[in-house]
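Visitor: Hello! Could you show me around this structure and explain the terms as we go?
Guide: Gladly, here it is.

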Amino acid sequence: MTRERGDTALTKKLHLKTYGCQMNVYDSARMADVLAPLGYSVTDIADEADLVILNTCHIREKAGEKVYSELGRLRPLKAQRRAEGGDLLLAVAGCVAQAEGAEVVRRAPHVDIVVGPQSYHQLPELIARATRAAASGVPAPGRGIVATDFPTDPKFDSLPRQVDPQAVSVFLAVQEGCDKFCTFCVVPYTRGAEYSRPAGDILAEAQNLVQLGAREITLLGQNVNAWHGSAPAGGEWGLGRLIRALADGVPGLRRIRYTTSHPRDMDDDLIAAHADVPALMPFLHLPVQSGSDRVLARMNRRHGADEYRRIVDRLRTARPDIALSSDFIVGYPGETDGDFAQTLDLIAEIGFAQAFSFKYSPRPGTPAAAEPGQLDEDVKSVRLAAVQELLRRQQDAFNQATVGRRVPVLFEKRGRHPGQLIGRTPWLQSVHAEGAERLIGQEVEVDIAGSGPNSLAGRIVTIEPAGMGAAA
Ligand code: SAH
Ligand code: SF4
Ligand code: F3S
């Protein structure tokens with residue numbers, strides 16, 4: 001359906017559904033930016049959309065399969081539109097698009113466009129082609145357009161500047177792709193080779209985001225700490241140097257985070273930045289996957305468990321209050337009870353503020369999928385339950401330890417109840433508190449009064465006009 005705005009401009013509705021990691025969240029926002037000049041405005045309701053984009057994830061089997069069930073649900077909607085003489089364009093973007101390409105249109109013949117993560121700046125052209133094809137009766141179902149080349153010009157150069165007001169906390173992609181080739185992982189195949197954006201472009205995007213209302217920026221990359229971009233005045237910077245430039249050069253930027261890091265790329269300067277850049281938040285997601293050297297070697301992680309311990313020690317020396325998060329895979333091919341026990345030991349020793357854990361999922365085309373010693377689902381389930389129980393206890397303990405403390409909270413949005421605000425502590429814990437809406441976008445002292453499974457409850461500290469502190 002096409003609606004008319006005024007006499008001239010045609011407005012269309014875009015529905016974006018995002019799966020997977022934060023990079024997909026960033027990419028979805030950028031796809032909306034790319035399509036805004038074509039008259040597309042974003043809707044949360046698939047039923048009223050002219051274009052639906054599924055921005056997909058291929059990391060585990062379940063993630064990939066979700067897309068096909070969603071495409072199944074959209075099929076009758078598209079058929080109905082067509083019966084009414086209109087259309088609903090369906091696009092599959094993201095990592096399933098890249099990994100499966102034409103297979104997507106074979107399995108879901110009503111898909112119009114398959115577009116990989118490095119090609120979505122071409123969406124205007126792809127949509128024009130798909131629209132022309134639909135109007136002329138071609139393509140027949142199953143002949144959707146597939147755009148999954150890795151173009152030689154980075155897409156970042158073709159993306160428009162953000163113009164809409166931004167959320168308080170936003171993502172900024174600085175690095176994409178991965179050259180590490182962990183044996184279990186599809187990312188090097190779906191996102192391509194490692195690429196670092198130039199520092200000047202990143203600083204300009206950060207300045208623009210802050211002018212549009214952002215106060216916290218999370219720098220994103222599949223391997224964000226492998227970032228090594230060209231410096232504004234020539235030469236090359238590492239991530240630590242970039243973080244310092246953002247902290248010094250972007251007035252109004254209160255908080256900086258980065259994710260996801262690889263232990264191998266935690267260099268001295270980045271660790272030092274945790275000591276001397278106050279805007280760099282004391283929270284780090286540093287995936288270790290396993291506590292067993294044998295498993296780590298077979299995963300091609302290229303570091304051992306002790307090396308991880310040493311990195312954590314150095315981080316804690318630099319920033320004693322740093323909280324850590326991680327990813328764990330249980331049931332990697334050939335993982336023994338002894339290997340798994342070493343993972344539990346490592347977790348117990350380090351103490352994580354939060355973490356993600358997954359059963360190993362064999363992915364087509366990755367070396368680990370062909371390895372002998374694939375474990376039974378039940379073994380994986382038992383190990384996952386054990387690891388999650390330990391991690392849950394650690395997360396509870398971490399949150400409990402915040403109760404009774406006064407901490408700075410950056411408020412991001414209204415809560416569900418009237419008068420309620422939601423924000424985050426420096427350690428990424430979500431906080432609910434009663435407060436005025438004008439506090440959104442501000443960092444405010446909050447007394448933490450309680451801790452629930454997923455968030456903390458707090459009371460905003462009001463400061464008397466004379467400057468005398470008093471709790472509200
Ligand atoms: N770049 C990041 C994470 C990429 S994917 C890193 O280097 O760690 C996010 C997480 O998904 C990984 O850390 C890993 O724990 C998990 N993962 C990746 N492939 C997986 C697979 N085949 N099965 C189960 N979990 C997987
Ligand atoms: Fe995947 Fe390993 Fe690259 Fe992370 S470092 S994206 S787990 S291949
Ligand atoms: Fe998934 Fe691709 Fe991100 S596979 S985790 S969406 S990089």
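Visitor: Which strands each supply at least two residues of the shell around ligand 1?
Guide: They are β16 (323-330) and β17 (354-359). Strands here are DSSP runs (E, at least two residues), numbered from the N terminus, and helices are runs of H or I with at least four. This is a predicted model: local features need pLDDT of at least 70, side-chain atom pairs count only at pLDDT 80 or more, and totals for chains, interfaces and linings use all residues. Residues are numbered from 1 along each chain as written, chains are lettered from A and ligands numbered from 1 in written order, and side-chain values use heavy atoms, without hydrogens and water.

Visitor: What makes the link between Gln289 and ligand 1 a polar contact?
Guide: A polar contact is a pair of N or O atoms within 3.5 Å. A side-chain N or O atom of Gln289 is 2.7 Å from an oxygen atom of ligand 1, so this pair qualifies. A backbone N or O atom of Ser361 also qualifies, lying 2.8 Å from a nitrogen atom of the ligand.

Visitor: How much of ligand 1 does the protein bury?
Guide: Taken alone, ligand 1 exposes 540 Å², and the protein buries 89% of that. Such areas come from the Shrake-Rupley method with a 1.4 Å probe.

Visitor: Why do β16 and β17 count as paired?
Guide: Pairing needs at least two DSSP bridges; six join these parallel strands, so they pair. One partnership is Ile329 in β16 with Phe358 in β17.

Definitions and conventions:
Polar contact = N/O pair within 3.5 Å; in protein donor to acceptor, adjacent residues only side chain to side chain.
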